[in-house]
Amino acid sequence: MAFFVYILQSMKDKSFYVGVTHNIGERLEKHNRPHKGYTGRKQPWVLVYTEIYTTKTDALRRENFIKSQKSREYIEILISGSSAG
C-alpha cells in the first residue's frame, strides 16, 4: 500500500494543511465535508501537492519534517517545484 504526504490550500484564506493518507481522493472529500475543526472552518480545500511513500513511517517522518519548518515560504517553494525538501 502506498502512503501520501499531501498539502491542501484553503480557498477561503489561502492557508495550508499538511497531512498523510493512503487515499488522497477520499481524504480531500472528508476535509471538504461539513465538520467542526480547523479544516471545517477553512473550506473549501484544494490539493496542491503530493509525495508518495512505500511505508507509513516514511510518510509520517516527511509530514513531521514539513510541519517542523513552520514556514509558509518553505511550503510555497515545495509546491512551486523547487529543489527544497
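## Exercises on helix 4, the sheet and the core

At the start of helix 4, the backbone nitrogen of Glu73 has a side-chain oxygen of Ser71 within 3.3 Å. Helices (H or I, at least four residues) and strands (E, at least two) are DSSP runs, numbered from the N terminus.

The model is predicted, so local features need pLDDT of at least 70 and side-chain atom pairs count only at pLDDT 80 or more, while totals for chains, interfaces and linings use all residues. Residues are numbered from 1 along each chain as its sequence is written, and side-chain values use heavy atoms, with hydrogens and water left out.

**Exercise 1.** Determine which residues of helix 4 are buried and where they lie around the helix axis.

*Solution.*
- Step 1. Buried means under 20% relative accessible area, exposed over 50%, and partly exposed in between (1.4 Å probe, protein chains only).
- Step 2. Tyr74, Ile75 and Leu78 of helix 4 are buried. Viewed down the axis of helix 4, the buried residues fall within an arc of 95°, so they line one face of the helix. The arc is that of the directions from the helix axis to the C-beta atoms.
- Step 3. In an α-helix there are 3.6 residues a turn, so residues three or four places apart point the same way.
- Step 4. Exposed Glu73 and Ser80 are carried on the face of helix 4 turned away from its buried side.
- Step 5. Strand 1, strand 2, strand 3 and helix 3 are what the buried residues of helix 4 pack against. Contact means heavy atoms within 4.5 Å.
- Step 6. Just after helix 4, Gly81 has a positive phi of about 95°.

**Exercise 2.** State the order of the strands in the sheet and describe how they pair.

*Solution.*
- Step 1. Two strands pair if DSSP finds at least two bridges between them.
- Step 2. The 3 strands form an open, antiparallel sheet in the order 2-1-3. Strand 2 and strand 3 are the edge strands, each pairing on one side only.
- Step 3. On average, neighbouring strands of this sheet are turned by 20° against each other, direction ignored.
- Step 4. Helix 3 packs on the sheet and touches strand 1, strand 2 and strand 3; the direction of helix 3 makes about 170° with that of strand 2. Here axes are lines fitted to C-alpha atoms, for helices over the stretch in contact, and angles run from 0 to 180 degrees between N-to-C directions.
- Step 5. Strand 1 and strand 2 are joined antiparallel over 6 bridges. Phe4 stands opposite Thr21 in strand 2, and Leu8 has Tyr17 as its bridge partner in strand 2.
- Step 6. Strand 1 and strand 3 run antiparallel, with 8 bridges between them; Phe3 stands opposite Tyr53 in strand 3.
- Step 7. Of the 8 residues of strand 1, 7 are buried.

**Exercise 3.** Identify the elements that each supply at least two residues of the largest nonpolar core.

*Solution.*
- Step 1. A nonpolar core is a set of buried Ala, Val, Leu, Ile, Met, Phe, Trp, Tyr and Cys residues joined through side-chain atoms within 4.5 Å.
- Step 2. The largest core has 12 residues, including Phe3, Ile7, Phe16, Val18, Tyr49, Ile66 and Ile75. The elements sought are strand 1 (3-10), strand 2 (16-21), helix 3 (56-68) and helix 4 (72-80).
- Step 3. Beyond residues up to four places away in sequence, Ile75 touches Ile7, Phe16, Val18 and Ile66.

**Exercise 4.** Characterise the positive phi values of Lys14 and Lys70, and classify the exposure of Lys14 and Lys70.

*Solution.*
- Step 1. Lys14, not a glycine, has a positive phi of about 70°. The hairpin of strand 1 and strand 2, in which Lys14 is found, has 5 residues between the strands.
- Step 2. Lys14 counts as partly exposed because its relative accessibility is 39%.
- Step 3. Lys70 has a positive phi near 45° and is placed in the loop between helix 3 and helix 4.
- Step 4. Because its relative accessible area is 75%, Lys70 is exposed.

**Exercise 5.** Describe the surroundings of Thr39 and locate the cis peptide bond that leads to Pro44.

*Solution.*
- Step 1. Thr39 lies in helix 2 and is buried, because its relative accessible area is 7%.
- Step 2. The side chains of Thr39 and His35 make a polar contact of 2.7 Å. A polar contact is a pair of N or O atoms within 3.5 Å; within protein, one must be able to donate a hydrogen and the other to accept it, and residues adjacent in sequence count only if both atoms are side-chain atoms.
- Step 3. Apart from neighbours within four places in sequence, Thr39 contacts Tyr17, His31 and Trp45.
- Step 4. The peptide bond from Gln43 to Pro44 is cis, with omega near 0°. Pro44 belongs to the loop between helix 2 (38-41) and strand 3 (45-53).
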